[in-house]
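Hi,

Here is the structure I promised to pass on. Have a look at it first, and then read on for what turned up.

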Amino acid sequence: MTPQIHSQQPATDALKPMSPVQARQTRAFIDGLASEARPYWDMVEIGDELSRDLHLSAELVILYSDGVEDFNPWYEGWRMNSWHIEGESPFGGAIVPPLLVSHFVLSVQFDATRPFSIGSIHTYHDSEILEPIPVGATVRITTRATEKFEKRGRRYVRHAVEVTDVSNGLLYFRETRDILSL
């Protein structure tokens with residue numbers, strides 16, 4: 001029996017199931033990376049500040065809690081067929097899992113209006129939880145590049161992060177994080 005010979009497809013097109021539209025979009029994204037991507041170190045200047053608002057809905061809390069398998073009744077601002085409820089915790093109503101907002105910091109740090117950065121790895125963070133965040137709050141995540149430094153021949157960009165309540169300015173969360181760059 002003679003083995004069949006298949007034509008070679010680009011690796012991204014071999015992922016299944018992938019519609020023709022998805023394959024085109026993926027190919028365009030990868031081609032754009034090859035032509036416009038730059039190291040994160042070159043894209044960020046000390047003092048650069050970016051922010052984004054995030055509504056911490058009961059649904060977002062459910063998705064996060066399920067994903068990290070953190071099933072604490074303090075986070076339950078919903079009930080089947082009732083949907084939104086106050087919930088209960090030692091802080092009053094339902095609260096957001098403390099590190100949920102930390103997961104969204106990278107989506108703020110990497111500015112979608114700039115070419116994609118290559119060769120960056122989140123290597124360090126130090127988080128400080130100052131206040132519980134109530135389920136249903138809208139927060140502003142602000143990240144500011146505070147320092148560029150080299151350590152053992154590698155380049156790093158340090159960011160100061162603050163998470164505040166959009167309605168009253170209450171500071172909920174603070175973080176320092178480093179990004180290793182090519």
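To start with a question: is Arg158 buried, partly exposed or exposed? Bear in mind that this is a predicted model. With a relative accessible area of 24%, Arg158 is partly exposed, because buried would need a value under 20%.

Arg158 is a good way into the charged pairs. Its side chain forms a salt bridge with that of Glu147, at 3.7 Å from N to O. Since Arg158 belongs to strand β8 and Glu147 to strand β7, this pair ties together parts that are eleven residues apart in sequence. Glu147 is partly exposed too, at 33% relative accessible area. Arg158 also meets Asp178 in a salt bridge, here at 2.7 Å from N to O. That pair links distant parts of the chain, with Arg158 in β8 and Asp178 in strand β9 (residues 171-181), 20 residues apart. Asp178 counts as buried, at 5% relative accessibility.

Another salt bridge joins Glu175 and Arg177, whose closest N and O atoms are 2.8 Å apart. Through shared partners, Glu147, Arg158 and Asp178 form one network of salt bridges. Both partners of the other pair count as buried: Glu175 has a relative accessibility of 3% and Arg177 of 1%. The count of salt bridges comes to six.

Now for the sheet behind these pairs. Five strands make an open, antiparallel sheet in the order β2-β7-β8-β9-β6. Its edge strands are β2 (49-55) and β6 (120-129), each pairing on one side only. From one strand to the next, the twist averages 20°. Strands β7 (residues 138-151) and β8 (residues 154-165) pair over twelve bridges, and Arg144 stands opposite Ala160 in β8.

Helix α3 is worth a look as well. Its residues Ala58, Leu60, Val61, Tyr64 and Ser65 are buried. They sit on the same side of α3, because they cover an arc of only 155° around the axis. Leu63 and Gly67, on the other side of α3, are exposed. The cover over the buried residues includes β2, β3 (78-79), β4 (83-84) and α4 (100-103).

Tyr64 shows some of this at the residue level. It is buried, at 15% relative accessible area. Beyond its neighbours within four places in sequence, Tyr64 touches Pro97, Leu99, Leu100 and His103. Its side chain makes a polar contact with the side chain of His103, at 3.3 Å. After α3 comes Glu69, with a positive phi near 55°.

Best wishes

Definitions and conventions. Residues numbered from 1 in each chain as written. Predicted model: local features only at pLDDT ≥ 70, side-chain atom pairs only at ≥ 80, totals over all residues. Heavy atoms only, no water. Buried < 20%, exposed > 50% of the residue type's maximum accessible area, 1.4 Å probe, protein only. Contact = heavy atoms within 4.5 Å. Polar contact = N/O pair within 3.5 Å; in protein donor to acceptor, adjacent residues only side chain to side chain. Pairing = 2+ DSSP bridges. Helix = DSSP H or I, 4+ residues; strand = E, 2+ residues; numbered from the N terminus. Axes fitted to C-alpha atoms, helices over the stretch in contact; angles between N-to-C directions. Arc of directions from axis to C-beta. Salt bridge = Lys/Arg side-chain N within 4 Å of Asp/Glu carboxyl O.
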